[in-house]
There are 2 protein chains.
Amino acid sequence: MQNLRGNAIVGQSGGPTAAINATLAGVIYGAMQSGCIDNIYGMKNGVDGLLCEDIIRLNGYFEDESRLEMLKKTPAAALGSCRRKLPAESDAKYAQTFDKLVDILKKYDIRYFFYIGGNDSMDTVAKLSKYTQENGYDIKVIGVPKTIDNDLIGTDHTPGFGSAAKYISVVMQEILRDTAVYTVKAVTIVEIMGRDAGWLTASSALGRVCGAPAPDLVYLPERAFDMDEFFADLKRILAEKPNVVVAVSEGLQFADGRFVGESTQGGAVDAFGHKYLAGTGKALELAVKDKLGIKVRSIELNLPQRCASHIASLCDIEESFGVGRAAVQAAEQGVSREMMVILRDNDGAGEPYSSVYGHMDIDLIANRTRFVPKHYINERGNNVTDECLKYILPLVNGESYPEYKNGLPVFFEF
Amino acid sequence: MQNLRGNAIVGQSGGPTAAINATLAGVIYGAMQSGCIDNIYGMKNGVDGLLCEDIIRLNGYFEDESRLEMLKKTPAAALGSCRRKLPAESDAKYAQTFDKLVDILKKYDIRYFFYIGGNDSMDTVAKLSKYTQENGYDIKVIGVPKTIDNDLIGTDHTPGFGSAAKYISVVMQEILRDTAVYTVKAVTIVEIMGRDAGWLTASSALGRVCGAPAPDLVYLPERAFDMDEFFADLKRILAEKPNVVVAVSEGLQFADGRFVGESTQGGAVDAFGHKYLAGTGKALELAVKDKLGIKVRSIELNLPQRCASHIASLCDIEESFGVGRAAVQAAEQGVSREMMVILRDNDGAGEPYSSVYGHMDIDLIANRTRFVPKHYINERGNNVTDECLKYILPLVNGESYPEYKNGLPVFFEF
């Protein structure tokens with residue numbers, strides 16, 4: 001097979017994570033090592049930047065390899081991000097938009113297109129690769145997954161999840177100590193990101209399989225939330241010990257489909273039609289205060305969950321870099337219209353964790369959600385199983401720390 | 001001078017911090033090294049535990065010095081805490097309560113009493129030392145300061161402040177990157193702990209004196225908050241750049257004394273009569289959404305500010321240990337009814353930061369608040385001065401990390 005020669009471009013899209021720049025570093029490293037890629041360009045703010053030719057040549061920034069190391073440990077998206085959904089075939093703007101994109105790609109002789117993002121970003125990869133294929137422009141288009149939510153199908157887990165899970169599980173260890181210092185009865189509700197899938201909330205319970213404390217109750221959006229059962233569980237635990245810690249997903253719903261946090265929110269919807277959520281913890285805090293009249297506090301872990309590079313998972317950062325580099329290698333070998341995946345090498349039964357990189361048809365992946373499976377949630381629906389925690393545990397292994405100067409972290413800037 | 005011989009007891013009181021266990025470790029270490037202290041006891045949950053003889057002998061736990069190292073890096077209060085305010089002289093229960101305390105102290109032959117805590121805990125030290133002195137029981141009673149709020153007078157800064165400031169300034173660096181990835185206009189409001197004093201909120205701006213990003217607007221409770229000026233500042237900055245980050249203290253007040261967060265809260269009051277606050281960020285978020293109609297998010301940094309041992313300030317952890325040890329040395333030399341203080345050795349003008357430990361009359365300290373001084377806040381009241389940041393910067397220097405096992409931090413447990 002003759003390798004395609006030309007330039008490459010990389011973009012970042014969707015919500016930032018602590019690991020998306022590690023994947024960017026992996027793509028850049030792979031491209032700079034490649035025998036068939038001349039220049040590696042970066043689009044600013046994803047396809048938004050590409051559409052207005054806001055493009056920078058990246059090679060010059062990384063002749064010094066220590067700059068790549070710094071980029072690996074920098075949170076958020078160094079190239080900027082966007083939430084643009086490209087038009088569907090049925091849309092009047094379809095041909096116009098994609099013609100424009102292809103014109104720009106041709107102008108820069110771009111033959112390799114890498115797009116790092118979550119579920120919605122894979123939609124962009126699917127559409128662009130379909131259009132270029134149907135219109136005879138030879139370009140390899142590969143999606144590289146990124147989402148703290150761990151909700152993409154086809155991959156054992158997503159780059160970015162491990163670092164978010166690491167922050168959540170570490171902070172939960174600290175919160176469990178903090179809330180245990182008083183003897184007065186109190187309930188602490190910790191709200192964790194996860195609109196549809198409860199992977200991050202599940203990770204808050206990791207202490208349980210490590211001989212460390214863990215939250216008493218853990219509620220995921222995969223199971224309908226029952227207020228009466230919640231209060232029954234709370235009362236039972238409060239009879240045994242003064243301090244109860246509850247972990248809840250932001251996307252928790254009642255059996256009738258109403259969000260637990262809905263009462264305190266308007267009906268805002270984001271560009272992809274997702275309901276905007278917040279306030280699940282607050283809603284439960286008010287309910288507990290109202291019904292039990294005891295000390296109660298809610299903690300929304302909020303943005304640090306997705307950008308806490310100061311305590312990232314080393315496993316995640318290395319894999320995020322590795323999968324970016326593997327994307328370039330796959331593209332060189334002619335792979336296109338695929339998303340990179342991470343496959344677990346063994347089931348961890350007595351063996352150390354290891355993983356390999358692969359890829360799969362993007363059309364099978366885009367716009368689908370991978371939920372926490374039934375057997376990862378206990379029967380009563382108020383905690384996760386040991387099997388679930390053993391799946392997550394290797395993904396938070398190792399600590400990735402940034403460099404510090406004068407007490408503050410030093411991050412990469414273009 | 002003849003040294004007093006006997007046992008010692010130590011307790012922790014008030015809100016937990018990431019450094020209060022380092023001070024406990026310092027006291028234990030000092031006591032175990034002491035020539036005149038036979039046993040070092042710990043009271044569980046502060047004076048609450050002392051009053052019901054919930055006391056443990058600590059020596060046995062720390063024969064292996066690595067256990068002290070682990071304790072130094074463990075968040076919250078390993079001995080437990082309380083918020084009990086001892087009765088005043090005018091109170092009917094005064095004599096009864098203090099007689100009981102002294103009986104227990106005599107029973108265990110306790111001649112050294114160390115109490116680690118904040119403003120309210122120094123009140124306990126002042127009352128107990130006065131009572132024992134007036135009633136002829138020879139005991140050295142010393143307070144060791146602890147508060148993330150940095151609002152005790154007489155000391156250059158308080159143990160615990162540096163680690164909270166470290167977490168806040170590090171997370172702020174991450175939030176500033178995270179919120180900068182999109183090009184759509186957006187306001188992010190970060191609510192930081194500080195009921196009366198704005199020291200922690202000020203520390204969110206440290207990037208500015210390190211060539212790193214910093215929040216655009218910083219509002220402390222020391223200055224009345226003006227909603228019109230806030231919106232004028234917001235609009236001016238939004239005209240220049242798409243993403244504005246605002247740091248606000250939880251205790252922010254309008255000129256008429258109303259709390260900015262009051263609207264979203266009930267009128268709850270804690271045991272010391274402090275108004276319970278939360279929701280300053282949320283209140284401002286709603287105001288911005290209402291008035292400007294743009295994307296806005298509020299982030300309450302919440303509990304991790306006071307318990308994030310995973311990224312503590314090494315300067316703070318070392319000083320917190322040092323001041324605990326120094327408390328024992330001072331007591332051995334006959335000091336009593338005093339609070340330990342940290343004094344800055346030089347003003348930092350070109351010289352590296354260093355500090356020494358001292359002590360001062362507890363009656364001058366208890367129940368007073370050290371505010372951020374006027375010259376540390378800019379004229380418009382919407383940011384802090386470089387002088388303020390240069391005061392804070394050395395206190396966040398160095399990184400203290402706990403040990404990890406299986407990806408989770410390993411903390412000390414009795």
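Q: Setting aside neighbours within four places in sequence, which residues is Thr158(B) in contact with?

A: Contact means heavy atoms within 4.5 Å. By that rule, Thr158(B) touches Thr147(B), Asn150(B), Asp151(B), Leu152(B) and Asp316(B), leaving aside neighbours within four places in sequence. A word on the source: this is a predicted model, where local features need pLDDT of at least 70, side-chain atom pairs count only at pLDDT 80 or more, and totals for chains, interfaces and linings use all residues. Residues are numbered from 1 along each chain as its sequence is written, chains are lettered from A and ligands numbered from 1 in the order in which they are written, and side-chain values use heavy atoms, with hydrogens and water left out.

Q: Is Thr158(B) buried or exposed?

A: Buried means under 20% relative accessible area, exposed over 50%, and partly exposed in between (1.4 Å probe, protein chains only). Thr158(B) counts as buried because its relative accessibility is 0%.

Q: How are chain A and chain B superposed?

A: Two copies of a chain are related by a rotation about an axis and a shift along it. Here, a rotation of 180 degrees with 0.0 Å of shift along its axis places chain A on chain B, with RMSD 0.0 Å; the fit is by least squares on the C-alpha atoms of residues with pLDDT of at least 70 in both. The two copies are therefore related as by a two-fold rotation axis.

Q: Through which surface do the copies meet?

A: They meet through the same surface, because 100% of the interface residues of chain A are also interface residues in chain B.
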